[in-house]
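Thanks, everyone, for making time this morning. I would like to walk you through a few packing details, so please have the sequence and the structure open while I talk.

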Amino acid sequence: MTESLSTTDQHVSYDEYRRALSFVSSISPQMQGLSLQEFSLDVGRTPGVYCSTVEGEMGEVQIPQLSPVELYPWLNSDYYKNAFPREYANDNLSHYVEYDGVTPSKEVADRIQSLADTEGVLVFDYPDADSEYMSRLQSMLDSLDVETTEEIALGSQTYYAGKCRLKQVNTTGQDSDIQTTFRRMIDDGILKSEVASGASYHETLTEEQAESLYDSYAEAFQVLNDHPCRQGIDADEFKELITRDREVIKLINQHQSNVVTVCLLGDDLTKFDWLNTKFYEDRFPEETRANELIYFPAIYTDPTARGVQGAGAVVRLLTQMSEYGKHEVVVAFDCCDMNKDVLASYLARLINKSSELSVEFEVIGAQLYKAVRLQKASRS
């Protein structure tokens with residue numbers, strides 16, 4: 001293990017860490033690597049972290065290259081524990097991060113070779129746009145006299161976006177941000193803030209409502225969480241978004257005073273720390289400047305609410321808001337393999353059958369999750 005770094009050195013290290021990830025970060029809608037806060041806690045302090053050295057502006061600095069899967073918030077450690085129970089239990093599994101132009105240090109090389117000695121597993125994830133990733137990984141392993149006996153595709157996280165177009169231009173509408181439009185709809189009597197049945201807009205809910213909603217949220221995401229990329233948010237994150245964060249919009253559909261569907265969305269992508277905001281700013285510059293790019297971090301329907309209109313009423317509220325405020329937003333979201341394409345086609349169908357909007361979603365990127373089983377290179 002490397003020794004702990006001072007706060008100043010940690011920041012310097014993080015700058016170099018981001019520079020080393022600059023290539024993959026430029027091509028991916030998913031944030032690559034750790035945040036500054038996570039990185040500062042990571043370097044030299046956590047057992048199982050192995051660093052490589054890069055030459056920074058102020059000399060040599062350490063950046064983490066091999067780590068336990070628990071270190072990375074986007075990785076679902078329970079998935080890896082279940083997929084590789086023996087290796088996980090015996091500390092015979094490590095997550096690898098490749099950096100552009102960085103040669104693995106001796107401690108990283110030694111760790112990879114020790115994994116090969118015991119037929120351990122190396123896990124990693126990378127953007128699908130990086131078509132040369134696997135060949136670079138193989139070249140690195142070849143340089144260490146390590147072979148792969150098995151390559152395992154674990155899953156993928158797919159990112160979608162679609163530009164909504166108004167079917168008819170509302171000449172009486174007013175240009176404003178999305179939340180202001182919702183508030184005007186309430187002030188003008190078009191939308192009720194509280195309804196026993198139907199869809200409604202909220203900025204915050206009570207802690208009691210958040211607690212009651214989280215159970216159905218967790219149940220809805222339970223199946224999706226059998227995936228290497230963590231799906232959904234935990235109870236504390238959910239409570240924070242629901243009860244305190246006014247900038248994340250809550251659209252709720254109720255049936256006889258029971259919540260059926262919850263949709264969270266926002267036009268500030270920095271709220272969602274798994275997103276690479278620079279990628280979206282570069283791809284959708286006009287919509288970003290106009291706050292017309294909205295992201296769905298969650299939309300779910302209570303699994304027990306069979307036969308009750310769920311997401312349809314929420315989407316209907318969004319299409320009405322778009323016409324009222326003359327919004328032609330880009331709608332973006334991500335999903336795992338289990339609902340890949342299904343969610344995109346479902347949302348497109350709901351939007352396109354409205355009288356207000358049309359949309360066509362496209363895949364703008366995917367993160368691939370893989371593993372390789374290692375062994376020492378055979379000698380002829």
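I will take two helix pairs and then one single residue.

Before I begin, please keep in mind that what we are looking at is a predicted model.

Let me start with helix 13, which covers residues 311–325, and helix 14, which covers residues 342–352; these two pack at an angle of about 55°, and their axes lie 9 Å apart. That angle makes helix 13 oblique to helix 14, and the crossing of the two is right-handed. If you want to find the contact on your screens, look on the helix 13 side for Ala311, Gly312 and Val315, and on the helix 14 side for Tyr346, Leu347, Leu350 and Ile351. Sorted by class, this contact of helix 13 with helix 14 consists of six nonpolar residues and one polar residue, with no charged residues.

Staying with helix 14, which of its residues are buried? They are Leu343, Ala344, Leu347, Ala348, Leu350 and Ile351. Looking down the axis of helix 14, one finds these buried residues within an arc of 165°, so they line one face of the helix. As a general reminder, an α-helix has 3.6 residues a turn, so residues three or four places apart point the same way. As for what that buried set packs against, the partners of helix 14 are helix 13 together with strand 5 (146–163), strand 10 (293–301), strand 11 (330–336) and strand 12 (357–358).

The second pair is helix 9, residues 207–222, and helix 10, residues 235–243, which pack at an angle of about 135° with their axes 9 Å apart. Here helix 9 is oblique to helix 10, and helix 9 passes helix 10 in a right-handed crossing. Helix 9 contributes Glu207, Ala210, Leu213, Tyr214 and Tyr217 to the contact, while helix 10 contributes Ala235, Phe238, Lys239, Ile242 and Thr243. By class, the contact of helix 9 with helix 10 has seven nonpolar residues, one polar residue and two charged residues.

Finally, I would like to turn to Ala116, which lies in helix 6, residues 106–117. Is Ala116 buried or exposed? Its relative accessible area is 3%, and because buried means under 20%, Ala116 counts as buried. Leaving aside residues up to four places away in sequence, Ala116 touches Val146, Leu374, Gln375 and Lys376. The C-alpha atoms of Ala116 and Glu147 are separated by 7.8 Å, although the two residues are 31 residues apart along the chain.

Terms used:
Residues numbered from 1 in each chain as written. Predicted model: local features only at pLDDT ≥ 70, side-chain atom pairs only at ≥ 80, totals over all residues. Heavy atoms only, no water. Axes fitted to C-alpha atoms, helices over the stretch in contact; angles between N-to-C directions. Helix = DSSP H or I, 4+ residues; strand = E, 2+ residues; numbered from the N terminus. Parallel < 35°, antiparallel > 145°, perpendicular 65-115°, else oblique. Left-handed = near helix turned anticlockwise from the far one by under 90°. Contact = heavy atoms within 4.5 Å. Nonpolar A, V, L, I, M, F, W, Y, C, P; charged D, E, K, R; others polar. Buried < 20%, exposed > 50% of the residue type's maximum accessible area, 1.4 Å probe, protein only. Arc of directions from axis to C-beta.
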